[in-house]
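Here is a friendly walk through one protein model, with an eye on its sheets, its empty spaces and a few backbone details. Keep the viewer open as you read.

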Amino acid sequence: MKRSIASALLLASSAIAAAAPQPVPNRAPLQPGAFNLLPLTSVKPTGWLLDQLRIQSRGLSGHLDEFWPDLGPSSGWLGGSGESWERGPYFLDGLVPLAYLTGDAKLIAKVKKWMDWTLDHQQPDGWIGPTNQQNPRQAYDWWPNYVMLKAMAQYQEATGDPRVIPVMEKYFAHQAKTLDQRPLKQWAIYRWQDEVLTLFWLYNRNGDSRLLELARKLQAQGHDWEAQFAEFRFHDKVEKKDANLATHGVNNAMALKSAAVWWQLTGERGDRDALYRMFEMLDRYHGQPSGIFASDEHYAGRDPSQGTELCTVVEAMFSLEIEMSILGDPSFGDRLEKIAYNALPGTLTADMWAHQYDQQANQISCTLANRRWSTNGPQANIFGLEPNFGCCTANMHQGWPKLAANLWMAAPGGGLAAIAYGPSTVTTLVAGNTSVLIEEHTDYPFRDLIHLTVKPDRAVTFPLMLRIPSWASAASVAVNGQSPSGIRAGTFFSLNRQWRPGDRVEIRFPMLPRATTWYNDSLAIERGPLVYSLKIGDSWHELKSFGPSKDWEVFPSSPWNYALALENDNPAASIKIREKPLGAQPFSSEGAPVELTVKARRLPSWQIVDDSAGPLPVSPVTTRQAEETITLIPYGAAKLRITAFPYIAPSTLPQDQP
Ligand SMILES: [Zn+2]
């Protein structure tokens, strides 16, 4: 192989990157980001989070391509005549970070097989990907390439592969030349920001301003999300006849980053404001206790018996990671943790061999039945290989690994920022050119204590910014035993000092239980970033198997229709906390590392309707049933659950008869 100077430089820089990867900041005229994403592999999971990625690797993510035809050798993304649209790229978008964060040689070999095909089969005109698309509506569709480009960028960061950037450059030149004749259509119209992300990624590396012109063209052809939310008219569950690509949950989850991504080019206040408007509208009309909005395919309202698609969960997480880097708002970290530590595991089996299409906050059975979804079928909430539709089967893999990769980001002034908390290490350069390793030891979110050990090559001054969650009003931080002042919940707390090898930071986020208000004035019990749900006995019945995977129905084996009987307005006083060992599968009902107990009474009038928990009675409610003690476990561990509870007004609590 002829080694040009450029590739020699690339190899040299990748050798440096292997020791201490460096972030690539925004290049003018792009607005500087509040933080900068660290190149993939700068942050590595450890502790329970590494175990979680290993569970994932041993589960569907590590084996799906071995038996699922859409990712088999016939995939158009491997040169075959089979599935040639979004499924190959979706799989890669999660497999790349999973492989390089676990260092699993088998997964890395799989990544290389897929990447090699795309990188080595670019068409002379610059097109990448399949050319044999059988479905004319999907032929030469720009959309699946958005996803492959995201996967390619991650792969380049992890490996420094010198093929990636030239392939991207040639592809974007092709698109710039042909986009007027072959404009965005269907999904590509609604997801344009996901390509703009990669255009900016490349622009920051090669400075070619034609990439910014192409970004403008995509935005002009793309859906105007800002206008949709300026006059937001979808205040309830969308019925089938009104459903379209603008009301589609996954499109909305991807679009959560749209205004922030675009703001980087415009710098206009209106774009930033539009982002907050979107969150506000989705929370107000479709918000659910797990932090995600309801969209069982389409906007589904606030009723906790409505669902949310798994693709929506992982895409919302990725959007939050991106906009945190752009705008640096600590509330994005709160929401990211809430979705990642609740909605994500709550819709996957503990062994990650099966997933749901739709999860419900109040999920009393997962069975073949026609529930009140907007457009989905009877399989939508069972656990399996591809219940309802196979998009989530291909797309779910990015959730955990991208969270792990983005726990830390580069901060202004040559510093580092803790974006979300989880056991990890981060290795990068600080203060310009000093290599630093930070080890984060913690069982967060199951425990409230986080230990950081800072290991710079030599004494160096840089800011270490710690996100203080908005719920952590009693947060404390100590550096080598000394406690600084000025720590405020809902902000970044900056420790700007000289760091010496072995300096220790102890962070404590006391987790008092709290009750938050949801649909029909129901209450959800939260503690730290975790939402707690009623532990319902679950009986798993195999429906069928496909290769090593199985589809399951889940039936309840204990009552679910409880109303909380909190003793007074202070929920913390009514709730007992029991910590259990952190085992091999923390997101399983038997392995839940924390249990809460609280008093409750059955509410006989609350019954099953359409195979889900029926309409949630408006609280406060009354009941003459006897008081019981119920057990709550983390939402992510409770595959059957009640999360939004009616509650009994303390003053109306009946006296039990002996
Ligand atoms: Zn999906």
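Two strands count as paired here if DSSP finds at least two bridges between them. Please bear in mind throughout that this is a predicted model.

**Strands around strand 23**

With that rule in hand, start at strand 21 (residues 562-564) and strand 23 (residues 594-602), which run antiparallel and are joined by three bridges. One residue pair to look up is Tyr562, whose bridge partner in strand 23 is Arg602.

Strand 23 also pairs with strand 22 (residues 576-579), again in the antiparallel sense, over four bridges. There, Ile577 has Leu596 of strand 23 as its bridge partner. A further antiparallel pairing links strand 23 to strand 26 (residues 627-634) through six bridges. In that pairing Arg601 stands opposite Glu627 of strand 26.

The table sets these pairings beside a parallel one from another part of the chain.

| Strands | Sense | Bridges | Residues facing each other |
|---|---|---|---|
| Strand 21 and strand 23 | antiparallel | three bridges | Tyr562 and Arg602 |
| Strand 22 and strand 23 | antiparallel | four bridges | Ile577 and Leu596 |
| Strand 23 and strand 26 | antiparallel | six bridges | Arg601 and Glu627 |
| Strand 8 and strand 12 | parallel | three bridges | Leu416 and Leu464 |

**A five-stranded open sheet**

Which strands make up the open sheet of five strands, and in what order? The order is 1-7-8-12-14, and the pairing is mixed. Strand 1 (36-37) and strand 14 (491-499) stand at the edges with a single partner strand each, so one side of each has no neighbour in the sheet.

Inside this order, strand 8 (residues 415-418) and strand 12 (residues 460-468) pair in the parallel sense over three bridges, and Leu416 stands opposite Leu464 in strand 12. Helix 16 lies across strand 12 and strand 14, and its direction makes an angle of about 60 degrees with strand 12.

**Enclosed spaces**

Rolling a probe the size of a water molecule over the atoms shows where empty space is left. In this model there are six cavities of 30 Å³ or more.

The largest cavity has a volume of about 620 Å³. Its lining has 31 residues, and those nearest the centre are Leu37, Glu157, Leu197, Trp201 and Ile322. Two or more lining residues come from each of strand 1, helix 6 (142-159), helix 9 (193-206), helix 15 (310-327) and helix 18 (399-405). Which element gives the most to this lining? It is helix 9, with six residues. By class, the lining of the largest cavity has 15 nonpolar, eleven polar and five charged residues.

The second largest cavity holds about 60 Å³ of space. Among the residues lining this cavity are Phe279, Asp283, Phe293, Arg335 and Ile339. Helix 14 and helix 16 each supply at least two of the lining residues, and helix 14 has the largest share, with three residues. The lining divides into seven nonpolar, one polar and two charged residues.

**An open pocket**

The second largest pocket contains about 440 Å³ of space. It is lined by 19 residues, with Ser331, Asp334, Arg335, Lys338 and Ser470 closest to its centre. Helix 14 (269-286), helix 16 (330-346) and strand 16 (514-517) are the elements that give two or more residues to this lining. Helix 16 gives the most, with five residues. The lining of the pocket has six nonpolar, seven polar and six charged residues. Arg335 is worth highlighting in your viewer, as a lining residue of this pocket and of the second largest cavity.

**Rings and backbone details**

The whole structure has 37 aromatic pairs. One of them, Phe232 with Tyr299, is edge-to-face, at 5.4 Å centre to centre and 75 degrees between the planes. Phe232 sits in the loop between helix 11 (225-230) and helix 12 (249-255) and Tyr299 in strand 4 (residues 298-299), so the pair ties together parts that are 67 residues apart in sequence.

For backbone checks, look at the cis peptide bond between Ala28 and Pro29, where omega is about 5 degrees. Pro29 lies in the loop between helix 1 (5-19) and strand 1. Another cis peptide bond joins Ser619 and Pro620, with omega about 0 degrees; Pro620 is in the loop between strand 25 (612-613) and strand 26. Finally, Asn388 has a positive phi, near 70 degrees, although the residue is not glycine. Asn388 is found in the loop between strand 6 (358-360) and helix 17 (391-395).

Definitions and conventions
Residues numbered from 1 in each chain as written. Predicted model: local features only at pLDDT ≥ 70, side-chain atom pairs only at ≥ 80, totals over all residues. Heavy atoms only, no water. 1 Å grid on protein atoms, 1.4 Å probe; cavity = no way out; pocket = protein on both sides within 12 Å on 5 of 7 lines; lining within 4 Å. Points joined across faces, edges and corners; volume = space filled by probe spheres on them. Nonpolar A, V, L, I, M, F, W, Y, C, P; charged D, E, K, R; others polar. Contact = heavy atoms within 4.5 Å. Axes fitted to C-alpha atoms, helices over the stretch in contact; angles between N-to-C directions. Phe/Tyr/Trp six-rings, centres within 6.5 Å; stacked < 30°, edge-to-face > 60°.
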